[in-house]
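This report walks through the fold, the interior and the surface of one protein chain, taking individual residues as points of reference. Please keep the structure open while reading.

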Amino acid sequence: MSATTAPAAPAARAATASPPSPPPKRKSKLYRRENLVAAAFIALPLVGFLTFAIGPFLYSIYASFTNWNMLSSPTWIGLANYRQAFGDPYFRTSLFNTFFYMIGIPIGLALSLTLALAMNRRMPGQSFFRAIYYVPVVSSLAAVSILWQWAYNGDFGLVNQALELIGVDGPNWLMNVSTVKPALIIMAIWKGLGYSMLLYLAALQSVPRSLYEAAELDGASSMKRFWHITLPMVQPVTFFLVVTNIIAGSQIFTEINIMTPTGGPEFSSASVVWYIWRQAFSNLQMGYASAMAVLLGILVFLITAFQFWLNARNAHEGVD
């Protein structure tokens, strides 16, 4: 019995052995050429990003630990610039002003959503009104700032002329501590209203009509339909706008520099970026300016990361 089964063992092992792997396929000439073309298209923006973004970013971190006036070589001073920033009352004031301006973000989003709801209805001249609201978005920020600076003039400005029609004596908006920040917030809301409205309008038009019809059949009021259908469906757009507006709001500079070139009365309109620019290019304190820029970047990063965490948490709660 054993004599007949012994010769079959090698054959069984040979049958169960894995077949030899096929030789690797050689890439065609067309495949290699397409990869080279793709790499060439990617290389230019990548080099630009490394040269004009990553390179200056890394050097600014190094410069924040130095005393550098751009006229001589940087001198290493450690954390002295950061200690100076934490003790600088002008830096704290400009930081407060910057985040005070962000009060306009929820106001602008609420107005944008309201306009989007109105523009989502059939009405005569709908395309005209959409274009009119978007004109400020594509207008030059410098030109818009000059226009609003004239409108806010206390002597002949359009705003005060309109207030005179109803018997109100308007202030000198940009030269008054109590009115300069609200005036800049109003201008910022007007400037970005069309962009937010357009995104909300696109989100509203993607909401299935069947959801509203089903809710209406169940007896849901218009407010309940808005609260339980419209708001959740446009929530991704709201999240995007909040994050991008916070990042953009932390970098507000042009309108401050044009409308209140000295930082406003009692430094009441100065933003962080404006103060960083003044320290760097007016006072030639590039190391100190770099330290403040790093602190601002860290703060904005933490706020943005918190927004992402909060959005993910709310999404998981909605699923549960």
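Which are the buried residues of α15? In this predicted model, they are Val272, Trp274, Tyr275, Ile276, Gln279 and Ala280.

## Overall composition

The protein chain contains 16 helices and 2 strands. Of its 320 residues, 31% count as buried, and its accessible surface comes to about 20,200 Å², of which carbon and sulfur atoms hold 68%. Among the contacts in the protein chain with a separation of 6 or more, 64% are made by residues 24 or more positions apart.

## The nonpolar core

The largest nonpolar core has 54 residues, and those with the most contacts inside it are Phe91, Tyr152, Tyr200, Met259, Tyr275 and Met292. Helix α10, which covers residues 177-205, supplies the largest share of this core with 12 residues.

Tyr275 belongs both to this group of core residues and to the buried residues of α15. When neighbours within four places in sequence are left aside, Tyr275 is in contact with Asp88, Tyr90, Phe91, Ser94, Phe267, Tyr288 and Met292; Phe91 and Met292 are themselves listed among the core residues with the most contacts.

## Buried polar residues in helices

Gln279 lies in helix α15, which runs over residues 272-282. With a relative accessibility of 5%, Gln279 falls under the 20% cut-off and therefore counts as buried. Apart from neighbours within four places in sequence, the contacts of Gln279 are with Leu284, Gln285, Tyr288, Ala289 and Met292. Tyr288 and Met292 also appear among the contacts of Tyr275.

Ser112 is located in helix α6, residues 104-119, and counts as buried because its relative accessibility is 1%. Once neighbours within four places in sequence are set aside, Ser112 is in contact with Leu193, Ser196, Met197 and Tyr200. Tyr200, in turn, is one of the core residues with the most contacts.

## One face of helix α8

Helix α8 spans residues 141-151, and its buried residues are Val144, Ser145, Trp148 and Ala151. Seen down the helix axis, these residues fall within an arc of 120 degrees, so they line one face of α8. The elements that cover the buried residues of α8 include α9 (158-164), α10 and α14.

## The loop between α14 and α15

Thr260 and Thr262 offer a contrast within one loop. Thr260 is found in the loop between α14 and α15 and, at 3% relative accessibility, counts as buried. Thr262 lies in the loop between α14 and α15 as well, but at 60% relative accessibility Thr262 counts as exposed.

Leaving out neighbours within four places in sequence, Thr260 is in contact with Leu174, Val180, Glu255 and Ser269. The C-alpha atoms of Thr260 and Val180 are separated by 8.8 Å, although the two residues stand 80 residues apart along the chain. For Thr262, the C-alpha separation from Trp274 is 9.8 Å, with their positions 12 residues apart along the chain; Trp274 is one of the buried residues of α15.

## Positive phi values

Most residues other than glycine have a negative phi. Against that background, a few residues deserve a closer look. Glu266, in the loop between α14 (254-259) and α15, has a positive phi near 55 degrees, and at 71% relative accessibility Glu266 counts as exposed. Leu284, just after α15, takes a positive phi of about 55 degrees, and Leu284 is also in contact with the buried Gln279.

Met70, which is not a glycine either, has a positive phi of about 70 degrees. Met70 is found in the loop between β1 (66-67) and β2 (75-76), and its relative accessible area of 33% makes it partly exposed.

## A nonpolar patch on the surface

Where does the surface carry a nonpolar patch? Val37, Phe41, Ile42, Leu46, Phe49, Leu50, Ile54, Phe57 and Leu58 form it, with about 900 Å² of accessible area together. Leu46, a member of this patch, lies in helix α3, residues 29-63, and with a relative accessibility of 44% Leu46 counts as partly exposed.

Terms used: Residues numbered from 1 in each chain as written. Predicted model: local features only at pLDDT ≥ 70, side-chain atom pairs only at ≥ 80, totals over all residues. Heavy atoms only, no water. Patch = residues over 30% accessible without salt bridge, like charges linked within 9 Å, V, L, I, M, F, W, Y side chains within 5 Å. Areas by Shrake-Rupley, 256 points an atom, 1.4 Å probe, with all protein chains shown as cover. Salt bridge = Lys/Arg side-chain N within 4 Å of Asp/Glu carboxyl O. Helix = DSSP H or I, 4+ residues; strand = E, 2+ residues; numbered from the N terminus. Buried < 20%, exposed > 50% of the residue type's maximum accessible area, 1.4 Å probe, protein only. Core = buried A, V, L, I, M, F, W, Y, C linked by side-chain atoms within 4.5 Å. Contact = heavy atoms within 4.5 Å. Arc of directions from axis to C-beta.
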